[in-house]
Amino acid sequence: RAILPADSPVPAGAETVDLDGKYVMPGLMDSHVHWLDWMGELFLNHGVTSVVAMGNLDSGLRAQSQGADRRPRLYHSGDRVPFGNDDDAATIARAVREWLENEPDVAHFPNHNDASRNAYALAAEEVHRAGFLVFGHTEIAPNAISDGMNVIEHVWGFTQDVRRALKTLLHVCVTLPGQLSRLSTRTQQRLVILSFILRSAGHKS
């Protein structure tokens, strides 16, 4: 299958499809799928040709999917990287080594929050060193990004931070006019995020 330049000859015996007035796009990829075997054609029928399964899929199934007609190409996270909030650097490094034995394609981490920040950053450093991106959920997106998260699933963590910024902005407007410099760094960061969102939406800040 190929898209040829307009002036190229058509190879003998090739089937041609008239796409005049249509768009051609590559297959979509869903990076967070709780995979079940019956899902294959459902994804393909909606243009999704590759998925990342949240789990540890059999290596034979993943290999077979690369040339399958009725299921997308399957990749997997090899289960979540098994670390706890109180784990030290050595324990986390050992957990990452064990996780790598599952031959993962991406690193799917536990939920990021204030309690997990230290362990999260240590684990992210380990998997980055192994060449992987970190996917996951977060309660506060800017903190997660700072601690090494590369892909924020479901956009969680941004809306929560915007709500905090809105509450802070109302407080500043009512009680602290002219005193922004006295706010904490975290509060100022939230106001910057809110200002960016408002500007993107066409509002003056």
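**Salt bridges and a parallel sheet**

Hi everyone, let's start with arginine 70, which is exposed at a relative accessible area of 64%; exposed here means over 50%, buried under 20%, and partly exposed in between, with a 1.4 Å probe and protein chains only. Before going on: this is a predicted model, where local features need pLDDT of at least 70 and side-chain atom pairs count only at pLDDT 80 or more, while totals for chains, interfaces and linings use all residues. Residues are numbered from 1 along each chain as its sequence is written, and side-chain values use heavy atoms, with hydrogens and water left out.

So which residue does arginine 70 meet in a salt bridge? The partner is glutamate 41, at 3.8 Å from N to O. By salt bridge I mean a side-chain nitrogen of Lys or Arg within 4 Å of a carboxyl oxygen of Asp or Glu. This pair links distant parts of the chain, 29 residues apart: arginine 70 sits in the loop between α2 (59-65) and β3, and glutamate 41 in helix α1 (residues 40-45). Helices (H or I, at least four residues) and strands (E, at least two) are DSSP runs, numbered from the N terminus. Glutamate 41 is partly exposed, with 41% relative accessibility.

The whole structure holds five salt bridges, so let me show you some others. Arginine 117 pairs with aspartate 147, and their closest N and O atoms are 2.6 Å apart. Because arginine 117 belongs to helix α4 (residues 117-129) and aspartate 147 to the loop between α5 (141-146) and β6 (151-152), this contact ties together parts that are 30 residues apart in sequence. Are these two residues buried or exposed? Arginine 117 is partly exposed at 26%, whereas aspartate 147 is buried at 10%.

Further along helix α4, arginine 129 forms a salt bridge with glutamate 126, with 3.1 Å between the closest N and O atoms. These two are three residues apart in the helix, so about one helical turn separates them. Arginine 129 is exposed at 55%, and glutamate 126 is partly exposed at 23%. Through shared partners, salt bridges join Glu125, Glu126 and Arg129 into one network.

Now, please turn to the sheet. Three strands form an open sheet in the order β1-β2-β3, with parallel pairing; strands pair if DSSP finds at least two bridges between them. The edges are β1 (28-33) and β3 (73-76), each of which pairs on one side only. From one strand to the next the twist averages 20°, taken between axes fitted to C-alpha atoms, with angles from 0 to 180 degrees between N-to-C directions.

β1 and β2 share four bridges, and leucine 28 has valine 48 of β2 as its bridge partner. Between these strands the chain passes through α1, giving a right-handed β-α-β crossover: with the strands pointing away from the viewer, the path from the first strand over the helix to the second runs clockwise. On the other side, four bridges join β2 (residues 48-53) to β3. There, valine 52 partners tyrosine 75, and alanine 53 stands opposite histidine 76.

Why do I call β2 largely enclosed by the rest of the structure? Because five of its six residues are buried.

One last stop: leucine 19, in the segment before β1, is partly exposed at 41%.

Thanks, and I'm happy to take questions!
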